[in-house]
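Biologist: I should like a close look at a single helix and at the salt bridges around it. Please set out the cut-offs as the terms arise.

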Amino acid sequence: MASIGSAFSCLRCRRRWKSFPWHRNSSWSQSSLSSRVRSLSTDHRRKESTEISLEDLKIKDIRIPFVGVKHARAVPTRPSYFSRGPRLDQIHIRLMRLLVKYNALPVCKLGEEPDVAWAKMEDMRGRLGEPIKKSNLANVQKVAKRLSAIIPSLLPSEVKQALLELTRNEDVVEYKAKIGTVDQYGRAIGVGKRKESTARAFVLEGTGEVLVNGKTLSEAFGRVHDRESAIWALTATNRLDKYNVWAVVEGGGTTGRAEALALAVAKALVAHEPALKSALRRAGCISRDYRTVERKKHGRVKARKMPAWVKR
């Protein structure tokens, strides 16, 4: 009778009705439902037991809830379903699985990797229809570049198919940096900028003579450090006595002019010998330095310095 009483209390309370262990209670079998159960009365005046039929209690049609249900809600098939960018994350997961699978394949040497035109941020946002962040796309492209470095003859077809989702249809040659040329007089022209200074250098084969605005190097730059910076591209590649340099420099101070001239000479030197580009890049002569002086703000002494606070 205690089990029947607990069952009725579960029927009255919906929460307990859902959590009641129907499958563990063996007393609710078909044989027990058809039998009669002896119940004890709580009335102290009635000492004899009474027999109650289960048909009178109307519990023949009790159904066990949630039979055959494994999950309370639908489970998505993709692990990236609840992420911010599920489609991009799915591509990332697929590329990582391919990298683990084909990690042992040999790769090309440094500098000999095939050129791939990777899709830009706007293209990927249009394809996937998601607000992609730059850092997330960079992580995906990092894995894709590692897969594209595999030797082309050994690259599996499924890797090629996966990389197509991150590439664009344009030709790679169109986006390559333009390399300077040598004119009919044997001169290569390079332009460099630094801070407020602009330099234009004419480099041709010679004995190592350097003229800046019609002056020698020692006359144009008083500091030794600025002289070394101006011809650092020739010093790093051991070409001091092989080329002559004529330069026109404008604007800025001596430091800005010297570093602008170094960039201009490096660009002109690459036009003569394209094989020196990697050495010049390691020496720091190819990249443009965009650092400039921060402007003064209103209400401040300088760019960031605040005036002294006075209480009275």
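Modeller: The account below begins with the basis of the model and then turns to helix H12 and its salt bridges.

This is a predicted model, in which local features need pLDDT of at least 70 and side-chain atom pairs count only at pLDDT 80 or more, while totals for chains, interfaces and linings use all residues. Residues are numbered from 1 along each chain as its sequence is written, and side-chain values use heavy atoms, with hydrogens and water left out. The pLDDT, the predictor's confidence in each residue from 0 to 100, averages 81 over the chain, and 74% of the residues score at least 70. Over residues 26-41 the pLDDT stays under 50. Where pLDDT is low, the predicted coordinates should not be read in detail.

Helix H12 covers residues 254-272. Helices (H or I, at least four residues) and strands (E, at least two) are DSSP runs, numbered from the N terminus. The expected span of a helix is 1.5 Å times one less than its number of residues; for the 19 residues of H12 this gives 27 Å, and the end C-alpha atoms are 27 Å apart, which agrees. Of these 19 residues, 14 are buried, so that H12 is mostly covered. Buried means under 20% relative accessible area, exposed over 50%, and partly exposed in between (1.4 Å probe, protein chains only).

A search of the whole structure finds 11 salt bridges, each being a side-chain nitrogen of Lys or Arg within 4 Å of a carboxyl oxygen of Asp or Glu. One of them joins the side chains of arginine 194 and glutamate 259, at 2.5 Å from N to O. This pair links distant parts of the chain, since arginine 194 belongs to strand S3 (residues 188-194) and glutamate 259 to helix H12, 65 residues apart. Arginine 194 counts as buried because its relative accessibility is 7%, whereas glutamate 259, at 29%, counts as partly exposed.

A further salt bridge is formed by lysine 242 and glutamate 273, with N to O at 3.6 Å. Lysine 242 lies in the loop between helix H11 (232-236) and strand S7 (243-250), and glutamate 273 in the loop between H12 and helix H13 (277-283), so the pair ties together parts that are 31 residues apart in sequence. With a relative accessible area of 37%, lysine 242 is partly exposed; glutamate 273, at 16% relative accessibility, counts as buried.

Technical notes
Contact means heavy atoms within 4.5 Å.
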